[in-house]
Each structure stands twice: as structure tokens, then as C-alpha cells.
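Q: Hi, could you walk me through this structure? I'm new to it, so plain words would be great.

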Amino acid sequence: MKRNAIAIKLSVILSTGAVLLMPVAACCAEAGSEPTGGGSWLSLLFYVVNFALFIWILVHFAGAPVLKFFADRADAINETNARAEAALTEAQNLANRSAECMSRLGAEKKQLRADLDAETAYMANRIRELARETALRIVRDTELTGQAITEAAQRRVRALLAEATGRRARELMVKSFTPDDQTRLLRGFEEKLAQEARR
Amino acid sequence: MKGSRVAKRYARALLGLSEDRNQLETWAAELERLARIADAPEIALRLASPEVSHEARIEAMAKIAERLELSYPLRSLAVVVARHGRIADLTAVSQSYQDQLDVLLGRARATLTFAREPDAQDTEAVVRGLEAVVRKTVIATVKVDQALLGGVVAELEGKIYDGSLATRLSEAQRRLVG
């Protein structure tokens, strides 16, 4: 927008200048027809006035835009310059910081290694303790399981023995049970009932 | 449960009809006979059939009672039971009547299971022992079960008195196992 306005103003100035210089061309042509060395003061005055008029129009119409253009341009250049300087300062700061970091890096690396060594030692100790506890627990569990298996086996053996004994006893009883035995059992039962009745 | 309550009511009503103990005993036997007949599968099925009308069912029960030569109250009971659709409850009525009669007469019923066929003396001795325990007259039903090996088991008023050899053997086995 701004450039367009400047271009319009410049074209107006140039057109006006051209129109004003038209009489100059005519006068020059007229003077050219006269013999050499015959110039007049009137012609010089005309040129001077003409030139002054040209300068006035030029200053009046084109002065302000041209000055503004150059002022804007100067501002833009100054601004760019300031930005470049700020960027340079920032870059220098960063470079300084980077240098500091680089100088600190060694110490940090050493610290980090020490921390890692301490952590590793702690973890190794912890793992060793856990392994010891687990081993003890496994031993304990194994002992308990062993006891349980032993007891179960003993119970099973006792049950098998009892069953076999019972079976054998039943066979013997069936084989050798006599009416006297039945009578004796009935007397025992009657005695039991009598005790129950006395309660 | 509902049938049981109904059976108790019928039994109580029948018991209330007479105070003569001998008559009550007779009625118990007659009621048992009637219940057994009504509960026989071929008769029970026919009486329960929807093809048989209500009147025919009542008439059938009256005829059964007549054929069994039951006394008048039992004949009436058979008709009343049929009229109220309670023929299927007759067995429960009979059982309930028997229970209530036992209570009334101070009796208890026991089931004696012997390992071997007992003689009358042995049965009498066990019954006497049971009577001493419950202080009632005990009417015993005798059974034989050789699986008991020896001795006797008595069931009286929901309680078991076990004097069998099989049980002693089982206990000994349990002790052996620990």
C-alpha cells in the first residue's frame, strides 16, 4: 500500500516536471536557430526560474514521501541491527553457558558414577538378603511339607492297617461267633440299658 | 407338612369318639387295614384317577369299608375322608392315630434289630430294659440283620441304643486310625 502511494506520487512529479520542461525544449530550439555566441539574459532567467520552479515542485510533492521512505528504511535497518545484536548477545550467553556446562560435566559424571555405584551396592545387598530369606523359607516349607507328607503317609498306613485288621476281625467273628457270644452281648446291652435307666 | 397336620386332626377326632381302650385298639387295627387297602397301588391309582367321579370315589370307599367289615365309626371315617379328597392321607392318619393312641395309653414303639434270630426270652429282656429307660410299655418290632455281626440295636422314640458288634468293631477301627 505504502509503496503504491509512493509510486503514484513519483509518477505525478515526473509528469509535472515533463510538462514544465516542454517550454525549455522550445526555447532551446529557438536559441539553436540563432548564430553561435548570441545567448540572451532573458533565456538564462527563464532557465533559472524554470529550474527553481522544478526544484520547488519536486521538494513540495516528493520531499515528504522520500524523507519518510528513507526514515522508514532507516528504522527497519536499525531494528534489524538491534535484533541481530540481541541475537548475538544471546548466542554469546548460550556459548558461555555451554562452556560452563561442559566444564561441570566432568564433575557431574563423577557424581553420577558414584551414585550408580552406591545404588548398585545397595541393590546387590538387598538381592542377597532376599535370596537368603527365600532360601530359608524354601527350607522351612520343605520341612513342613515333608512332615505333612510323612503324617499323611502314616495316617494312610494306619487306615490301611485298621481296615485290614477290621476285615480280618470281621471274618474271624463271623467264623467263630457262637450263640453264647450273642447271649453275652445281649446281657451287656441289657446292663447298658439298666445303667441308662438308673441315670 | 399340611397333610401331616390334617392327618393329626382326623386321628384326634377318631380318638375322641370313644374312651374304651379296647375299642380304640380295635379301631387302630381297622384303620391300619383300611389305609393298607387304600394305599395299595392298583386301588390308589383308580381312586386317584380323574375319570372316577367324586361320588363314585365316595361310594367305592364305603364299599371297601363294608367289605373289610369295619366298625361304624371307621366306615364313616372312610366316607368322610373320600368326601374331602383325603384318601391319600389315610396312611398318615393311621400312623398319627397309632402315635396318639400310644401316647394316650403310655406306650412306646421300638424297633429291635438283632444279628441273629432272637428267642422270646432275649426279646423280652431287651424290651424290659427299654421299658425301664423310658418308663413306658414298649411294643417292639423285631428285625434281623446279619451285618450287625452280633448283639442288638434298638430304636426307640428317635433314639438309637446300639449294642452291636459291628459298631464296636467300627469304633475300634476308628481308634486304630487315630
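**A first walk through the model**

A: Happy to! Let's begin with one residue: B:Glu69 sits in the loop that links helix H4 (54-67) and helix H5 (72-83) of chain B. Do keep in mind that this is a predicted model.

Q: What is the phi of B:Glu69 like, positive or negative?

A: Positive, at about 55 degrees, although B:Glu69 is not a glycine. As background, most residues other than glycine have a negative phi.

Q: And is B:Glu69 buried or exposed?

A: B:Glu69 counts as exposed, because it has 10 C-beta neighbours inside 10 Å, and a residue with 12 or fewer falls in that class.

Q: Which residue in the loop between H7 and S2 of chain B should I look at next?

A: Try B:Arg135, which lies in that loop. B:Arg135 has a positive phi of about 55 degrees and is not a glycine. With 9 C-beta neighbours inside 10 Å, B:Arg135 counts as exposed.

Q: OK, let's zoom out. How many helices and strands does chain B have?

A: Chain B has eight helices and four strands. Along the sequence they follow the pattern α-α-α-α-α-α-β-α-β-β-β-α. Of the 178 residues in chain B, 28% are buried.

Q: What share of the contacts in chain B joins residues at least 24 apart?

A: That share is 65%, counted among contacts between residues at least 6 apart in sequence.

Q: Now the strands. What is their order in the sheet of chain B?

A: The four strands form an open sheet with the order S2-S1-S3-S4, and the pairing is mixed. Strand S2 (137-144) and strand S4 (159-164) of chain B are at the edges with a single partner strand each, so one side of each has no neighbour in the sheet. On average, neighbouring strands of this sheet are turned by 20 degrees against each other, direction ignored.

Q: Which way do S1 and S2 of chain B run, parallel or antiparallel?

A: Strand S1 (residues 107-114) and S2 of chain B run parallel and are joined by eight bridges. One place to look is B:Ala110, whose bridge partner in S2(B) is B:Ala140.

Q: Which helix packs on the sheet?

A: Helix H7 (residues 120-134) of chain B does, touching S1, S2 and strand S3 (151-156) of chain B. The direction of H7 makes about 135 degrees with that of S2(B).

Q: And what about S3 and S4 of chain B, how many bridges join them?

A: Six bridges join S3(B) to S4(B), and these strands run antiparallel. B:Val152 has B:Gly163 in S4(B) as its bridge partner. S3(B) and S4(B) form a hairpin with two residues between them. In the turn, B:Glu157 has a positive phi of about 50 degrees.

Q: Back to helices. Which residues of H6(B) are buried?

A: They are B:Leu90, B:Val93, B:Ser94, B:Ser96 and B:Tyr97. These buried residues are on the same side of H6(B), because they cover an arc of only 165 degrees around the axis.

Q: Why would residues three or four places apart point the same way?

A: An α-helix has 3.6 residues a turn, so residues with that spacing point the same way.

Q: How far does H6 of chain B reach?

A: Helix H6 (residues 90-105) of chain B has 16 residues and reaches 22 Å from its first C-alpha to its last, close to the 22 Å expected at 1.5 Å a residue. Just after H6(B) comes B:Gly106, with a positive phi of about 65 degrees.

Q: What about the span of H8 in chain B?

A: Helix H8 (residues 165-177) of chain B has 13 residues, which should span 18 Å at 1.5 Å a residue, and its end C-alpha atoms are indeed 18 Å apart. Right after H8(B), B:Gly178 has a positive phi of about 90 degrees.

Q: Switching chains: how many helices and strands does chain A have?

A: Chain A has three helices and zero strands. Buried residues are 3% of the 199 residues in chain A.

Q: Last one! How many residues does the contact take from each chain?

A: The contact takes 24 residues from chain A and 21 residues from chain B. On chain A, helix H2 (41-176) and helix H3 (179-198) each supply at least two residues of the side that touches chain B. The largest share of that side, 12 residues, comes from H3(A). By class, the side of chain A that touches chain B has 13 nonpolar, four polar and seven charged residues.

Technical notes
Residues numbered from 1 in each chain as written. Chains lettered and ligands numbered in written order. Predicted model: local features only at pLDDT ≥ 70, side-chain atom pairs only at ≥ 80, totals over all residues. Pairing = 2+ DSSP bridges. Axes fitted to C-alpha atoms, helices over the stretch in contact; angles between N-to-C directions. Contact = placed C-beta atoms within 7 Å. Expected span 1.5 Å × (residues − 1). Buried ≥ 20, exposed ≤ 12 C-beta atoms within 10 Å, placed from the backbone. Arc of directions from axis to C-beta. Nonpolar A, V, L, I, M, F, W, Y, C, P; charged D, E, K, R; others polar.
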